[in-house]
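User: I'm new to this one and could use a guided tour. Could you take a close look at a single part of it and then tell me how the rest fits around that part?

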Amino acid sequence: TILTSENNFCNNCGAKVIHNRLTAGNLFEDFKEKFLNVDNAFLRTFISLFKRPDDVINGYIEGTRKKYINVINFIALAITISGVQFFILNKFFPNVMELPEQLSQGNEMGTNIMNSIFEYYSFMYVILIPIYALISKLVFSNIKKYNYVEHIVIMGYTQSHLSITLFIPGLILSMFGFNYFEYIYIFMAIMILYSAYCFKKLYQLSLKRIIIKTFVFFGIGL
């Protein structure tokens, strides 16, 4: 749509017209509005994935997609944050990224595999989400509630939320000299518990049933 200098909003789509040149101040204001504002979609999504993960996930699946960040953007944000984390660790705390001595001795293949994982982390992250979704679909195959693509959405939100949540704790532990391969097991346990919590909410399962489903998921995953 053709705009004039008098237009403050587009007559066609309603978007705000910005006449000023781009400055550092404009960029900061845009960042503050999108990520630091109390009522912004990111903060709302982040908090709700702790309190009401079923509301976020079911909202997206059922077509209510303005209230929260959509799953694709959330995955992209998580990959970016994880990339920043690995950059900081490799740049400033390279010792925490080394395989522990008991694992590295005579295990050149293991070292090469881990180096490849870190080098292609973004690709690995994207690939693992549909794999986890396939496992969860198999685990819950007796409950016809979500199809495979919807399981991808579930895993996209849950795994991305964990990556964003554990960013700061991971950096703090590294600053205190903890090896990445020492605290990664703690983070994996958190991942299992949080995923179980989300599936319990989504499927409205009893504690006993979700514990059984979690062990089945873990068994297939191994």
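**A glutamate, its helix and what surrounds them**

Analyst: Let's start with Glu 182, which is partly exposed because its relative accessible area is 48%, and partly exposed is the range between buried (under 20%) and exposed (over 50%), with a 1.4 Å probe and protein chains only. Keep in mind that this is a predicted model: local features need pLDDT of at least 70, side-chain atom pairs count only at pLDDT 80 or more, and totals for chains, interfaces and linings use all residues. Residues are numbered from 1 along each chain as its sequence is written, and side-chain values use heavy atoms, with hydrogens and water left out.

Glu 182 belongs to helix H10, and a helix here is a DSSP run of H or I with at least four residues, while a strand is a run of E with at least two, both numbered from the N terminus. H10 covers residues 180–203. Glu 182 also has a partner from elsewhere in the sequence: its C-alpha atom sits 9.2 Å from that of Val 96, although 86 residues separate the two along the chain.

Now follow H10 out of its end. In the loop between H10 and helix H11 (207–221) you'll meet Gln 204. With a relative accessible area of 69%, Gln 204 counts as exposed. What about its backbone? Most residues other than glycine have a negative phi. Gln 204, which is not a glycine, has a positive phi of about 50°. Gln 204 makes a jump across the sequence as well: Asp 54 is 150 residues away along the chain, yet their C-alpha atoms are 9.7 Å apart.

Past that loop, H11 packs on H10 with their axes 10 Å apart and at an angle of about 130°; axes are lines fitted to C-alpha atoms, for helices over the stretch in contact, with angles from 0 to 180 degrees between N-to-C directions. That angle makes H10 oblique to H11, the word for whatever is left once under 35 degrees is called roughly parallel, over 145 roughly antiparallel and 65 to 115 roughly perpendicular. On the H10 side, Ile 192, Ala 196, Phe 199 and Lys 200 take part, and they meet Leu 207, Ile 210, Thr 214 and Phe 218 of H11, where contact means heavy atoms within 4.5 Å. By class, this contact has six nonpolar residues, one polar and one charged; Ala, Val, Leu, Ile, Met, Phe, Trp, Tyr, Cys and Pro count as nonpolar, Asp, Glu, Lys and Arg as charged, and the others, Gly among them, as polar.

H10 has another job in this picture: along with H2 (41–51), H4 (71–92) and H8 (148–165), it is among the elements covering the buried residues of H3. Seven of the nine residues of H3 (residues 53–61) are buried, so H3 is largely enclosed by the rest of the structure. The buried ones are Pro 53, Val 56, Ile 57, Asn 58, Gly 59, Tyr 60 and Ile 61. After H3 comes Gly 63, with a positive phi near 100°.

H4, one of the helices covering H3, has a neighbour in H9 (residues 167–175): their axes come within 10 Å and cross at roughly 5°. H4 and H9 are therefore roughly parallel to each other. H4 brings Ile 81, Val 84, Gln 85, Ile 88 and Leu 89 to the contact, and H9 brings Phe 167, Gly 170, Leu 171 and Ser 174. Six of these residues are nonpolar and three polar, with no charged ones.

Finally, step back. The protein chain has eleven helices and zero strands. Of its 222 residues, 35% are buried. Among contacts between residues at least 6 apart in sequence, 66% join residues at least 24 apart.
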